[in-house]
Amino acid sequence: ERLMAAALAPDAAGAPSTPPPPRAVFWLLPLLRVFGEEADPGELVERYHALISALEQMPAAPQPSSTASGGGGAAAMDLLKGQDAKLAAHLEAVMGGAAKSALLLKAPCARLGVGLLSPDATLFVWDLCLIAGWTQVGAAIASALLLLRDGLLACTAPAHLADYFLLHTRQLTVEQLRAALERHFMPELRARLGVPAPEDVLPLEPSDVVS
């Protein structure tokens, strides 16, 4: 627990103040909420190992090489630039360049949102990722930045901006995150996957599913 707390505590630049624990440690946290406290510890370990192995094998799973030098954070920043160039430019100006602004987002992307978003929001993003791939973590984090736009634009120092981002992102609700994703990223994702929008899906009648 002490290691987790230290790894989640950002320094003035918004990066972890100590070397982070293995990425899979963070991946386990949402599972604790899913499985609950009543499960047998031995069974939990087996489930964790099986699920972590499956997560690593998924297409676009975040690997160490993809998160080096800002990797996942850089992708999130690119998504943000496509939606709000002014906000992206402000983040880069305050943080001291594109590399440092991407570094602010690197750890949250590598942790798949664990420790940044609330538990419920994290599970919502994981649902999306399990359907469309782990790259959707970047879209979720970019959506969080867009939701916090006014407050971020008011930040004029790196430490202030990093603190504001890390504090207020945890307060975003599933409903807010879903609405932002729907507004900015879901239409393109649905088009790529060939999935209709919810309003275009006809309701099922009982006779459609029961023979």
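How far apart should the ends of helix α7 (residues 119–132) be at 1.5 Å a residue, and what is the distance between its end C-alpha atoms? The 14 residues of α7 should span 20 Å, and the end C-alpha atoms are 20 Å apart, which agrees. This briefing concerns a predicted model of a chain of 211 residues. It begins with the whole chain and then turns to helices α6, α7 and α8 and the loop between α6 and α7.

**The chain as a whole**

- The chain contains 13 helices and zero strands.
- Its pattern, read along the sequence, is accordingly written α-α-α-α-α-α-α-α-α-α-α-α-α.
- Of the 211 residues, 42% count as buried.
- Among contacts in the chain with a separation of 6 or more, 70% come from residues 24 or more positions apart.

**Helix α6**

- Helix α6 covers residues 98–110, and at 1.5 Å a residue these 13 residues should span 18 Å; the end C-alpha atoms are 18 Å apart, so expectation and model agree.
- The helix has a kink of about 35° at Leu104, shortly before the proline Pro108.
- Both Leu104 and Pro108 are among the buried residues of α6, which also include Ser101, Ala102, Leu105, Ala107, Cys109 and Ala110.

**The loop between α6 and α7**

- Leu112, which follows α6, lies in the loop between α6 and α7.
- The phi of Leu112 is near 60°, a positive value in a residue other than glycine.
- For context, most residues other than glycine have a negative phi.
- Is Leu112 buried or exposed? Leu112 counts as buried because its relative accessibility is 0%, and the limit for a buried residue is under 20%.
- Gly115 also lies in the loop between α6 and α7.
- With a relative accessibility of 23%, Gly115 counts as partly exposed, since that class lies between the 20% and 50% limits.
- Gly115 and Thr169 are 54 residues apart in sequence, while their C-alpha atoms are 9.8 Å apart in space.

**Helix α7 and the residue after it**

- The buried residues of α7 are Ala121, Thr122, Phe124, Val125, Trp126, Leu128, Cys129 and Ala132.
- Just after α7, Gly133 takes a positive phi of about 105°.

**Gln136 in helix α8**

- Gln136 has its place in helix α8.
- A relative accessibility of 7% means that Gln136 counts as buried, because buried residues are those under 20%.
- Which residues does Gln136 contact, leaving aside its neighbours within four places in sequence? They are Leu128, Cys129, Leu189 and Arg192.
- Two of these partners, Leu128 and Cys129, are themselves listed among the buried residues of α7.

**How α6 and α8 pack**

- Helix α6 packs with helix α8 (residues 136–147) at an angle of about 130°, and the two axes are 10 Å apart.
- The two helices are therefore oblique to each other, because an angle of about 130° is neither over 145 degrees, as roughly antiparallel requires, nor within the 65 to 115 degrees of a roughly perpendicular pair.
- The crossing of α6 and α8 is right-handed.
- On the α6 side, the contact is made by Leu105, Pro108 and Cys109; on the α8 side, it is made by Val137, Ile141 and Leu145.
- Leu105, Pro108 and Cys109 also appear among the buried residues of α6.

Methods
Residues are numbered from 1 along each chain as its sequence is written. This is a predicted model: local features need pLDDT of at least 70, side-chain atom pairs count only at pLDDT 80 or more; totals for chains, interfaces and linings use all residues. Side-chain values use heavy atoms; hydrogens and water are left out. Helices (H or I, at least four residues) and strands (E, at least two) are DSSP runs, numbered from the N terminus. The expected span of a helix is 1.5 Å times one less than its number of residues. The bend at a residue is the angle between axes fitted to the seven residues ending there and the seven starting there. Buried means under 20% relative accessible area, exposed over 50%, partly exposed in between (1.4 Å probe, protein chains only). Axes are lines fitted to C-alpha atoms, for helices over the stretch in contact, and angles run from 0 to 180 degrees between N-to-C directions. Angles under 35 degrees count as roughly parallel, over 145 as roughly antiparallel, 65 to 115 as roughly perpendicular and the rest as oblique. A crossing is left-handed if the near helix is turned anticlockwise from the far one by less than a right angle, and right-handed if clockwise. Contact means heavy atoms within 4.5 Å.
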